[in-house]
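Please open the model in your viewer and keep the sequence panel beside it, since each stop on this tour begins with a selection.

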Amino acid sequence: MKLQNRISAINLPQLRSAVVAADEGSFRRAAEVLLVRQSTLSRGIRQLEHLIGISIFDRSSGGVTATPSGRGFLRHARSILEQIDSLITTADRTSRGEAGQLSIGFHTSLSAGNLRATLLDFRQRVPSIELELVEMSRTRLVMTALRTGTMDVAIATGETTQRDGGTVPLWSERILLALTEGHPLANRGTIYWTDLRDETVLLSQRDQGREFEDILISKLVSSEDRPRIKRHDVSRDTLKSLISLGFGVGLVTESDIGANFSGLIYRELRDGSGPSHIGYSAHWLAENDNPALAEFLKLLSERYPSPAG
């Protein structure tokens, strides 16, 4: 028989029978462990020895022992079986959402807040799922990354309904005013949106700048009450640097204040009804059948149950 044909004729039950027989030192005990007839196990091992062209065992009335050539073969057979068992276990866990990979896009800070706590909780529940985190603008997250399949779920501000997917509201964060320690407003116990009238508010053209501007305009309907707005095409951290240098004040959310920034303090912004908030939602495509995504959405539903639910 040609070598390729001999290789193709070897099957996993034969390898497992040989390995268990070596561990037990007996065909009878190996058959009991594997729940097969001893004659079936013995015949399978003889066929295996014929296919590989060596005797794996020395047989005696007291049991079986591996031959020198058999010991080398059994080492490789054991390795093959361990890899097969690992592959099957991993596939099973992946199908149940206990393993695999999950790509999460986000539009907030990880220094503190709900997203940080959610990720920590998820890693504790299913540590075998590999997380890939991507930070980008809300538009790119919801309109581009999800639709192209480059990520599984997006955490962003707003509750935009996906025609071909799902959206669920999660949490809300207070909007805070970032300012220097020596700023006149720093000594006030309560700061209202109308107190910003004579200020220069720095906004990023990235991150949440557009959302903050929309909220500011909605809070200060009259243009006479609105502050000067200065937009910069910079990151969240660079904007904080500009604020610390005295270029103006800025708007942040609670999750932004987890990382200390020298010279800056934060104050809650209020209107007549109380503190102002900005909401976050999760977005995903309905056709995404990644079991890890289902496990993550299950966690979100537990941590942030919908009022309607």
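What follows is a walk through a predicted model, going from a helix and the loop after it to two strands and then to a pair of helices.

**Helix α2 and the loop after it**

Begin by selecting residues 12–24, which form helix α2. At 1.5 Å a residue, its 13 residues should span 18 Å, and the C-alpha atoms at its ends are 18 Å apart, so the expected and modelled lengths agree. At the start of α2, show the side chain of Asn11, an oxygen of which comes to within 2.9 Å of the backbone nitrogen of Gln14. Gln14 is also one of the buried residues of the helix, and the others to colour are Leu15, Ser17, Ala18, Val19, Val20 and Ala21.

Stay for a moment on Ser17, which lies in α2 and is buried, with a relative accessible area of 10%. If you draw a distance from its C-alpha atom to that of Val36, 19 residues away along the chain, the separation is 9.7 Å.

Now move past the end of the helix, where Gly25 takes a positive phi of about 70 degrees just after α2. Select Ser26 next, in the loop between α2 and α3. Is Ser26 buried or exposed? With a relative accessibility of 8%, Ser26 counts as buried, the cut-off for that class being under 20%. A polar atom of the Ser26 side chain lies 3.1 Å from the backbone nitrogen of Arg28, and a polar atom of that side chain lies 3.2 Å from the backbone nitrogen of Arg29.

**Strand β5 and its partners**

Select residues 153–157, strand β5, and turn on a surface for the rest of the chain: 5 of the 5 residues of this strand are buried, so β5 is largely enclosed by the rest of the structure. Then add residues 100–106, strand β3, which pairs with β5 in the parallel sense over 3 bridges; here Phe106 stands opposite Ile155. Adding residues 277–285 brings in strand β13, which runs antiparallel to β5 and is joined to it by 5 bridges. Ile155 is again the residue to centre on, as it stands opposite Ala282 in β13.

**Strand β10 and its partners**

Next, go to residues 249–253, strand β10, which is mostly covered, with 5 of its 5 residues buried. In a regular strand the side chains alternate between the two faces of the sheet. Looking along β10, you will find Val249, Leu251 and Thr253 pointing one way and Gly250 and Val252 the other, all of them buried.

Which strands should be added beside β10? One is β6 (residues 165–180), which runs antiparallel to β10 and is joined to it by 4 bridges, with Ile175 having Thr253 as its bridge partner. Another is β8 (residues 200–204), which pairs with β10 in the parallel sense over 2 bridges, with Leu202 having Gly250 as its bridge partner.

**Asn290 and the pair α6 and α10**

For the last stop, select Asn290 in the loop between β13 and α10, where it is buried with a relative accessible area of 17%. Its C-alpha atom is separated by 8.0 Å from that of Leu102, although the two residues are 188 apart along the chain.

Finally, display helix α6 (residues 114–125) together with helix α10 (residues 291–303), which pack at an angle of about 125 degrees with their axes 11 Å apart. That angle makes α6 oblique to α10, and the crossing of the two helices is right-handed.

How values were computed
Residues are numbered from 1 along each chain as its sequence is written. This is a predicted model: local features need pLDDT of at least 70, side-chain atom pairs count only at pLDDT 80 or more; totals for chains, interfaces and linings use all residues. Side-chain values use heavy atoms; hydrogens and water are left out. Buried means under 20% relative accessible area, exposed over 50%, partly exposed in between (1.4 Å probe, protein chains only). Two strands pair if DSSP finds at least two bridges between them. The expected span of a helix is 1.5 Å times one less than its number of residues. A polar contact is a pair of N or O atoms within 3.5 Å; within protein, one must be able to donate a hydrogen and the other to accept it, and residues adjacent in sequence count only if both atoms are side-chain atoms. Axes are lines fitted to C-alpha atoms, for helices over the stretch in contact, and angles run from 0 to 180 degrees between N-to-C directions. Angles under 35 degrees count as roughly parallel, over 145 as roughly antiparallel, 65 to 115 as roughly perpendicular and the rest as oblique. A crossing is left-handed if the near helix is turned anticlockwise from the far one by less than a right angle, and right-handed if clockwise.
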